[in-house]
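Reader: Hi! I've just opened my first structure and I'm a bit lost. Could you walk me through some of it?

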Amino acid sequence: MKRIKPEVRALCERARQPALKIVLGGALMVPAAVLMASGNMDLAQQDRTMAFRSGIEMVTDPVTRDWGERTLQRERELVVASFAAEFKIPVPLAGHIHSAALAENIVPRVAFGLVQAESSFRPRAVSPVGAVGLTQLLPSTARWMKPGTTRSDLMTPETNLRVGFKYLRYLMDKYEGD
């Protein structure tokens, strides 16, 4: 992966159509996602991968855009699977954590670390002071962040993660990321 074959490089350089550039970039996207998730990708490679993501947003051709979206979905699935393997948790739980983290603009590794530290990935964890669920939210804090949230709502992973990461984002913004 460190080196692109000369034939592929020449084809990339000759490509003048945006669709061909996206197709060629997408062929390299899945291995790039695996390297990013494993931490074996250097910063320049990560920048190229991120450029591919933002390039999809500018594509107007529906077929090419759909192909790019499916490529990103496969990338997300690989990243989620790598987190599931790393933390020894079920893939669906890793998917919920990853999606909720991205929805609140939280780095997924930070989100996984928070859930591991707070509940050891146990959705029904309850602390001695009454904090519940994966992110160990107090029901009063959850109601403040999302009115109408009940204690039983916090036992479902999706709700707990969504509200818990919303609260984490609030704290990160309030304390300027510290």
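**A chat about loops and helices**

Author: Happy to! Let's begin with lysine 88, which counts as exposed because its relative accessibility is 74%, over the 50% cut-off. Keep in mind that this is a predicted model.

Reader: Cool. Where is lysine 88 placed?

Author: Lysine 88 sits in the loop between H4 and H5. Its phi is positive, about 55°, although the residue is not a glycine.

Reader: And what about asparagine 105, which loop is that in?

Author: Asparagine 105 belongs to the loop between H5 and H6. This residue is not a glycine, yet it has a positive phi of about 60°.

Reader: Is asparagine 105 buried or exposed?

Author: Exposed: asparagine 105 has a relative accessible area of 60%.

Reader: Let's switch to helices. How many residues does H4 have?

Author: Helix H4 has 26 residues, running from 62 to 87. From first C-alpha to last it reaches 37 Å, close to the 38 Å expected at 1.5 Å a residue. Lysine 88, the residue we began with, follows H4.

Reader: Which residues of H4 are buried?

Author: Among them are Gly68, Leu72, Glu75, Val79, Val80 and Phe83. Thr64 and Phe87 are buried too.

Reader: OK, new topic: H8. What does that helix span?

Author: H8 covers residues 157-174, which makes 18 residues. Its reach is 25 Å from the first C-alpha to the last, close to the expected 26 Å. Just after H8 comes glutamate 176, with a positive phi of about 55°.

Reader: Which residues of H8 are buried, and what covers them?

Author: The buried ones include Leu161, Val163, Phe165, Leu168 and Arg169. What covers the buried residues of H8 includes three helices: H5 (91-103), H6 (108-119) and H7 (139-145).

Reader: I spotted tyrosine 170 while scrolling. Which helix is it in?

Author: Tyrosine 170 is in H8. It counts as partly exposed because its relative accessible area is 32%, which lies between the 20% and 50% cut-offs.

Reader: What is tyrosine 170 in contact with, leaving aside its neighbours within four places in sequence?

Author: Trp144 and Met145.

Reader: How far apart are tyrosine 170 and methionine 145?

Author: They are 25 residues apart in sequence, and 9.2 Å apart in space, going from C-alpha to C-alpha.

Reader: Thanks, that really helps!

Key: Residues numbered from 1 in each chain as written. Predicted model: local features only at pLDDT ≥ 70, side-chain atom pairs only at ≥ 80, totals over all residues. Heavy atoms only, no water. Helix = DSSP H or I, 4+ residues; strand = E, 2+ residues; numbered from the N terminus. Expected span 1.5 Å × (residues − 1). Buried < 20%, exposed > 50% of the residue type's maximum accessible area, 1.4 Å probe, protein only. Contact = heavy atoms within 4.5 Å.
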